[in-house]
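User: I'd like to learn how to read helix packing and backbone oddities in a model. Can you walk me through it?

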Amino acid sequence: MSATATQALGPSKTTTGIPNGKLGVWLFLTSEVMLFATLFTSYIVLRMSAPSWPRGWEELNVPLAALNTVILITSSVTVVLAYAAACERDKAKFNAYLWITILLACAFLVVKSFEYGHKFTHHHFPSTSIFFAVYFTTTGLHGLHVILGIAYFAWLSYWAKDNWDHELFVGRVEYGGLYWHFVDIVWIFLFPALYLL
Amino acid sequence: MTHHDSHHGHGPDDFISKYVFSVDHKVIGLQYLITSLLFLLFGFILIMVLRWQLAYPDQPIPFIGNLILGSTGGVVTPELYNQLGAMHGTIMIFLGVVPLGVAAFGNYVLPLQIGAPDMAFPRLNMMSYWIYLPGGLLMLSSFIMPGGAAQSGWTSYPPLSIINPGQTVWLLAMVLIITSSLLGSINFLVTTLNMRAEGMSLMRMPIFVWAQFVTAVLLLLAFPPLEAASILQLMDRVAGTSFYLPAGLVVNGEALKVSGGGQPLLWQHLFWFLAHPEVYVLILPAMGICAEIIANNTRKPLFGYKELVGSMMFIGGMSFVVWAHHMFLSGMSASLGNFFLVTTMIISVPSVAVLTCLVYSLKGGSIRFTTAMLFALAFLPMFGIGGLTGLPLGITVTDIYLHDTYYVIGHFHYVVVTGSIIALMAGVYHWFPKWFGRKMSEGLGKLHFWTTIVCMNGIFFPMFITGLAGQQRRLYDPTAQLHNLTTQPLNVVSSVFAWLLFLAQLPFIWNFFRSIWHGEKVGDNPWEATTLEWACPSPPPHGNFEKPPKVYRGPYEYNVGKKAAWVPQHVAEVKA
């Protein structure tokens with residue numbers, strides 16, 4: 001759609017030369033930064049004002065979280081490889097790396113659900129304490145972002161099946177990748193903040 | 001769509017994709033226009049009911065009381081009173097003025113003014129509307145849900161908001177409304193940056209476009225914190241967390257069963273971090289509209305174009321560091337209070353600069369007093385009153401007395417009603433010919449203008465007096481406190497003018513709908529304006545311009561040079 005709209009503007013495409021999609025994704029990520037910055041600020045405020053704060057590594061499972069960190073960082077690499085494949089006009093390779101990314105993201109969620117399940121069986125709920133309230137809310141919202149990423153990549157792969165246009169898909173996988181790196185970075189902040197500090 | 005589609009003149013033909021799920025920015029703009037005007041009317045009706053209780057406490061509403069409040073015999077109960085107050089604020093701000101000023105006018109006018117065929121992301125644009133509408137309807141539906149609507153004011157301060165019924169639906173609706181605004185703001189920013197016609201440099205953009213641009217930045221950065229804050233409050237209500245609940249709360253004589261450890265003040269900080277920029281989201285588009293109309297009707301360039309742009313950017317930046325002046329009495333250290341006092345005084349400077357530029361633009365002009373111009377002119381002194389009465393609230397010492405009184409209500413409504421809404425009305429009269437190819441009646445318009453201005457002042461001016469006399473806001477029965485008895489007649493005055501204001505809107509509603517089909521037919525450019533939206537047909541076809549326009553000059557070349565009385569932006573050379 002945006003391609004059509006810019007087409008009408010003439011050969012120069014956009015005024016700034018930056019594709020609409022790219023600019024839009026960066027602006028979206030700006031708002032996402034504000035969203036998670038608010039949550040981190042709330043975490044800091046609540047923790048500073050608490051008389052005592054549990055040690056994250058005693059309440060939570062650090063090895064599983066470390067495994068998840070590795071999984072998510074690997075998926076950030078594979079999404080870049082999918083982008084590189086799209087640049088090389090290699091549709092099969094593009095699809096393969098996209099699906100590896102999706103599988104890694106699913107693996108992340110599976111590990112996360114084991115963690116959640118373990119907490120629930122030990123009667124640790126969001127209502128148990130302010131620590132678990134922060135833990136479940138921030139990781140839950142991050143999990144929603146992971147699901148959104150999976151949905152986008154799956155849709156991208158399905159979309160590419162019959163409508164492969166490498167120029168368009170280079171952009172689309174790049175925008176998805178930018179978002180995916182952001183999701184990755186949020187986790188890289190969450191991991192030490194909740195588990196290690 | 002493929003690359004080969006010609007964008008011009010080929011809209012979809014079937015009714016659903018042309019008028020309901022349209023991706024055309026003009027149709028979406030009109031959808032927002034009608035929807036937000038209806039929400040404004042609904043929010044206004046709520047306050048008319050509420051004002052009965054303030055004028056005549058505990059008496060049943062005559063004539064229609066049994067009809068609208070059958071179960072209580074026409075009496076406004078305290079629970080209903082709280083619902084009316086909270087929902088009035090929420091609906092007017094988040095469902096009325098913001099969608100009208102930003103989404104309706106922005107959608108319709110902004111792409112035209114920069115010479116674009118549509119918004120950068122038309123489908124995202126459609127999605128914004130179709131998230132906004134369910135959000136709005138969900139908000140309204142809370143009235144008929146068990147427990148009723150939210151009762152904790154539009155600010156929703158915890159712990160009250162977490163204990164009161166009705167808040168969950170409010171929060172869910174807010175998440176939808178915020179998401180819609182966020183998507184919209186991304187669209188406006190990309191459109192303004194990327195979709196400008198050839199020659200439309202940043203400093204050739206009309207002030208209205210600048211105003212929308214700064215507003216979109218504010219929405220983009222200020223709304224996510226409220227979204228996060230709402231999610232935390234939602235967790236408090238639904239999942240039993242205690243982000244905003246300290247331990248040891250007692251409700252109705254029973255200890256609240258929560259883990260505690262939360263901070264009620266955290267919500268206030270997060271909320272006002274959004275809600276102060278939000279005030280500028282309400283006023284910046286209004287300033288932009290007034291600037292357009294004043295330049296057009298004084299037939300001379302705006303005084304201080306660059307200063308206007310700079311001031312608006314400065315307002316945008318500063319609006320992020322003034323939020324805690326809403327919380328001077330919530331408990332903060334004196335040095336923090338001083339910081340926010342100083343920033344608040346600083347942000348008033350660019351606001352005054354904008355007003356000064358607009359007033360100076362009148363100097364030496366040969367003014368056409370169209371209805372739109374009357375509304376735009378009224379904006380200047382009315383917003384002036386609203387702004388100046390805000391200063392004592394921003395100074396910590398005087399705020400101790402004025403905080404939470406009707407003085408605050410008076411100040412805020414002078415800014416948003418006689419400021420923003422008056423300017424938005426001006427915009428409706430000004431751009432109506434572009435939307436429908438017909439003019440609204442000037443006679444009815446002037447009747448609407450004069451009655452509206454008198455009634456609005458009649459409502460809000462007494463509030464300064466009752467507020468200074470010490471009447472608290474959110475008070476169910478003002479006569480319950482003896483010191484309010486002397487000013488009680490002024491509450492009656494406010495209420496009567498509120499009901500008269502409703503009558504004053506009837507000519508507008510009639511005029512609006514009648515003129516769509518029976519108004520005086522006009523050409524593409526009835527106001528002899530210079531900006532690009534008047535360079536395409538009225539109403540513009542799908543794709544807007546016959547061929548991509550080219551821009552050769554600044555936006556307000558009225559009586560510049562001796563060759564022509566006015567030169568549109570897309571005209572290359574002026575023939576003598």
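User: How do I describe the packing of helix α2 of chain A and helix α8 of chain B?

Analyst: Two packed helices are described by the angle between their axes and the distance between those axes. Bear in mind that this is a predicted model. Here, α2 (residues 20-49) of chain A and α8 (residues 207-238) of chain B have axes 8 Å apart, at an angle of about 45°. That angle makes α2(A) oblique to α8(B), and the crossing is right-handed.

User: Which residues of α2(A) and α8(B) meet?

Analyst: On the α2(A) side you'll find A:Leu27, A:Thr30, A:Ser31, A:Met34, A:Leu35, A:Thr38, A:Leu39 and A:Ser42. Across from them, α8(B) brings B:Leu220, B:Leu221, B:Pro224, B:Pro225, B:Glu227, B:Ala228 and B:Leu232. By class, the contact of α2(A) with α8(B) has ten nonpolar, four polar and one charged residues.

User: Let's try a pair within chain B. At what angle do α9 and α12 of chain B cross?

Analyst: Same recipe. Helix α9 (residues 264-298) of chain B and helix α12 (residues 371-388) of chain B cross at roughly 125°, and their axes come within 9 Å. That makes α9(B) oblique to α12(B). As for handedness, α9(B) passes α12(B) in a left-handed crossing.

User: And what is the make-up of the contact of α9(B) with α12(B)?

Analyst: From α9(B) come B:Ile283, B:Ala286, B:Met287, B:Cys290, B:Ile293, B:Ile294, B:Asn297 and B:Thr298, which meet B:Ala372, B:Met373, B:Ala376, B:Phe379, B:Leu380 and B:Phe383 in α12(B). The residues of this contact divide into twelve nonpolar, two polar and no charged.

User: How would you read α4 and α5 of chain B, and what is the angle there?

Analyst: Helix α4 (residues 78-113) of chain B and helix α5 (residues 122-141) of chain B cross at roughly 165°, with axes that come within 12 Å. Because angles over 145 degrees count that way, α4(B) is roughly antiparallel to α5(B). Their crossing is left-handed. The contact is made by B:Met87, B:Thr90, B:Ile91, B:Phe94, B:Leu95, B:Pro99 and B:Asn107 of α4(B), together with B:Asn125, B:Tyr132, B:Gly136, B:Met139 and B:Leu140 of α5(B). Sorted by class, the contact of α4(B) with α5(B) has eight nonpolar, four polar and no charged residues.

User: Can we zoom in on one residue? Where does B:Leu172 lie?

Analyst: B:Leu172 lies in helix α7 (residues 167-194) of chain B. Leaving aside its neighbours within four places in sequence, B:Leu172 is in contact with B:Leu138 and B:Leu234. The C-alpha atoms of B:Leu172 and B:Ile231 are separated by 8.7 Å, although the two are 59 residues apart along the chain. B:Leu172 is partly exposed, with a relative accessible area of 40%.

User: Now the backbone. What should I expect of phi and of peptide bonds?

Analyst: Most residues other than glycine have a negative phi, and most peptide bonds are trans. So the exceptions are what we go looking for.

User: Which peptide bonds are cis here?

Analyst: One is the bond from B:Pro158 to B:Pro159, with omega near 5°. B:Pro159 is found in the loop between α5 and α6 of chain B. Another joins B:Ser538 and B:Pro539, where omega is about -15°. B:Pro539 sits in the segment after α17 (488-518) of chain B.

User: And for phi, is A:Arg89 positive or negative?

Analyst: A:Arg89 has a positive phi of about 60° although it is not a glycine. Its place is the loop between α4 (62-87) and α5 (91-121) of chain A, and at 58% relative accessibility A:Arg89 counts as exposed. In chain B, look at B:Glu528, with phi near 50°. B:Glu528 lies in the segment after α17 of chain B and counts as partly exposed at 36% relative accessibility.

User: To finish, how many helices and strands are there in chain A?

Analyst: Chain A has seven helices and zero strands. Its C-alpha atoms fill a box of roughly 65 × 35 × 20 Å, taken along the principal axes. Of the 197 residues in chain A, 48% are buried. Take the contacts in chain A with a separation of 6 or more: residues 24 or more positions apart account for 80% of them.

Technical notes
Residues numbered from 1 in each chain as written. Chains lettered and ligands numbered in written order. Predicted model: local features only at pLDDT ≥ 70, side-chain atom pairs only at ≥ 80, totals over all residues. Heavy atoms only, no water. Axes fitted to C-alpha atoms, helices over the stretch in contact; angles between N-to-C directions. Helix = DSSP H or I, 4+ residues; strand = E, 2+ residues; numbered from the N terminus. Parallel < 35°, antiparallel > 145°, perpendicular 65-115°, else oblique. Left-handed = near helix turned anticlockwise from the far one by under 90°. Contact = heavy atoms within 4.5 Å. Nonpolar A, V, L, I, M, F, W, Y, C, P; charged D, E, K, R; others polar. Buried < 20%, exposed > 50% of the residue type's maximum accessible area, 1.4 Å probe, protein only.
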